[in-house]
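I opened this notebook to record what I looked up in the structure, one topic per entry. I begin with how the strands pair and end with the pocket.

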Amino acid sequence: MTSFRLSSLRLFVAGFAAIALAFMSLSPAQAAPKKDFKVAWSIYVGWMPWGYAMDNGIVKKWADKYGINIEVVQFNDYIEAINQYTAGAYDGVMATNMDALAIPAAGGVDSTILIICDYSDGNDVIILKGKEKLEDIKGQRVNLVELSVSHYTLARGLESVGLTEKDVTIVNTSDADMIAAYGTPSVTSVVTWNPMAAEILAGPNAYNVFDSSKLPGEIQDSLVVNTQTLKDNPDFAKAMTGIWYETMALMSADDEAAKAAKTAMGVASGTDLAGYEMQLAATEMFYTPEDYIAFTEGNLAEVTSFVTKFLFDHGLLGDGATSPGYIGIELADGTIVGDETNVLLRYNTDYAKMAADGKL
């Protein structure tokens, strides 16, 4: 499986911010009506439904309903997908809340989370070799993908037992090398995500000492769209919302069609039905618009504060950031978290409410 869900370094932003801002310079009055839309996605358990919908006519069905064309394009490189979105080449992208802030928002691109597809509910794991308590990680070298959700999981885990990153030594390790690294005697601690975590934990002497089930709602996997594109093209938002919830209804049913859909998603992600269902068990999917609305209109202000603190502490909010609240985030009820004069990320439940009311 290719690397995904990886937070950016500032260098990712620097190369694309100027291009992105050029795209933003057109005023709404100058924006020509759009008929063709492109959305980027990458392999991950919660995003596999988008690929399935594209391959099985669900995307076309909803695009045809609104007289538009939508192409949902798979990227093997998650960061490249977000960079292409940030540069204006794509109208939407699948990204974590962390990366939506660290790449497009930090690069000046006003973006809206149209749908939270899921949040990690155990997919991200701190694993110790021969030790059963998180406190035993103190003084160890910890292998993980630096500045990723694994790094975030480690920081939050350490905080829960009164430790900090200064109490460990982080060893930047590619996700592709994680299983092999853990198999060497010198590696005693890793932080990774499924399916790598599951494979490591299936072996001897490996203990799950902390995982993202203890961080409910903090690691969100979402459909992020350009805010101006959303404003100018509400039919695009309606179609994308319809695509998602039709696919969710299909795969969450208790019938052969659901089994076939999940089998296809599992195979497309490099596993099988059993492997895909294992990953789903550690993922809180939002199968209905009501689920998404209830979560998004819940305690997102608190959840957001944890994420922005991590990003600020690690220099991922841009060179001008002076505090964790440097980038304003507009919640679904209109509340602004952070700088009200620099709002660059927004949560939207308007279209999910239309779906819930049968008005798409």
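**Entry 1: strand pairing**

Before naming bridge partners I set down the criterion, which is that two strands pair if DSSP finds at least two bridges between them. I also note at the start that this is a predicted model.

I then asked which strands pair with strand S4 (residues 111-120), and in which sense they run. With strand S10 (residues 220-226) I found seven bridges, and the two strands run antiparallel; within this pairing, Ile115 of S4 has Leu223 of S10 as its bridge partner. With strand S14 (residues 343-347) I found three bridges in the parallel sense, and here Ser111 is partnered by Leu345. With strand S11 (residues 283-285) I again found three bridges, this time antiparallel, and Ser120 has Thr283 as its partner there.

I also looked up how far S4 is covered, and 10 of its 10 residues turned out to be buried. For later reference I keep in mind that in a regular strand the side chains alternate between the two faces of the sheet.

**Entry 2: aromatic pairs**

I searched the whole structure for aromatic pairs and obtained nine. A pair of aromatic rings is described by the distance of the centres and the angle of the planes, and I wrote down both for two of the pairs.

The rings of Phe37 and Phe236 have centres 4.4 Å apart and planes at 5°, so I entered this pair as stacked, the cut-off being under 30 degrees. Because Phe37 belongs to strand S1 (residues 36-42) and Phe236 to helix H10 (residues 234-252), the pair ties together parts that are 199 residues apart in sequence. Are these two residues buried or exposed? Phe37 has a relative accessible area of 2% and is buried, and Phe236, with 1%, is buried too.

The pair of Phe75 and Tyr90 is edge-to-face, with 5.4 Å from centre to centre and 75° between the planes. Phe75 sits in strand S2 (residues 69-75), while Tyr90 sits in the loop between helix H4 (78-86) and strand S3 (92-96), so this pair ties together parts 15 residues apart in sequence. With a relative accessibility of 13%, Phe75 counts as buried, and Tyr90 counts as buried with 10%.

I noted as well that ring pairs link Tyr44, Trp47 and Tyr78 into a cluster.

**Entry 3: charges over rings**

Returning to Phe37, I asked which residue lies over the face of its ring. That residue is Lys34, at 5.1 Å from the ring centre. I recorded a further case at Tyr182, where the charged end of Lys129 sits over the ring at 4.5 Å from its centre.

**Entry 4: backbone angles**

Most residues other than glycine have a negative phi, and most peptide bonds are trans, so I looked up exceptions to both statements.

The peptide bond from Asn194 to Pro195 is cis, with omega near 10°. I located Pro195 in the loop between strand S8 (189-193) and helix H8 (196-201).

Leu147 has a positive phi, near 65°. This residue is placed in the loop between strand S6 (141-144) and helix H6, and Leu147 counts as buried at 8% relative accessibility.

Asn205 likewise has a positive phi, near 65°, and is found in the loop between H8 and strand S9 (206-211). I entered Asn205 as partly exposed, because its relative accessible area of 45% falls between the limits of 20% and 50%.

**Entry 5: the second largest pocket**

Rolling a probe the size of a water molecule over the atoms shows where empty space is left. For the second largest pocket I recorded about 240 Å³ of space. Of the 13 residues that line this pocket, Ala155, Glu159, Glu165, Lys309 and Asp313 are the closest to its centre.

Which elements give two or more residues to this lining? They are helix H6 (149-160) and helix H14 (300-313), and H6 provides the largest share, with five residues. I closed the entry with the composition of the lining, which divides into six nonpolar, two polar and five charged residues.

Terms used. Residues numbered from 1 in each chain as written. Predicted model: local features only at pLDDT ≥ 70, side-chain atom pairs only at ≥ 80, totals over all residues. Heavy atoms only, no water. 1 Å grid on protein atoms, 1.4 Å probe; cavity = no way out; pocket = protein on both sides within 12 Å on 5 of 7 lines; lining within 4 Å. Points joined across faces, edges and corners; volume = space filled by probe spheres on them. Helix = DSSP H or I, 4+ residues; strand = E, 2+ residues; numbered from the N terminus. Nonpolar A, V, L, I, M, F, W, Y, C, P; charged D, E, K, R; others polar. Phe/Tyr/Trp six-rings, centres within 6.5 Å; stacked < 30°, edge-to-face > 60°. Buried < 20%, exposed > 50% of the residue type's maximum accessible area, 1.4 Å probe, protein only. Lys NZ or Arg CZ within 6 Å of the ring centre and 35° of its normal.
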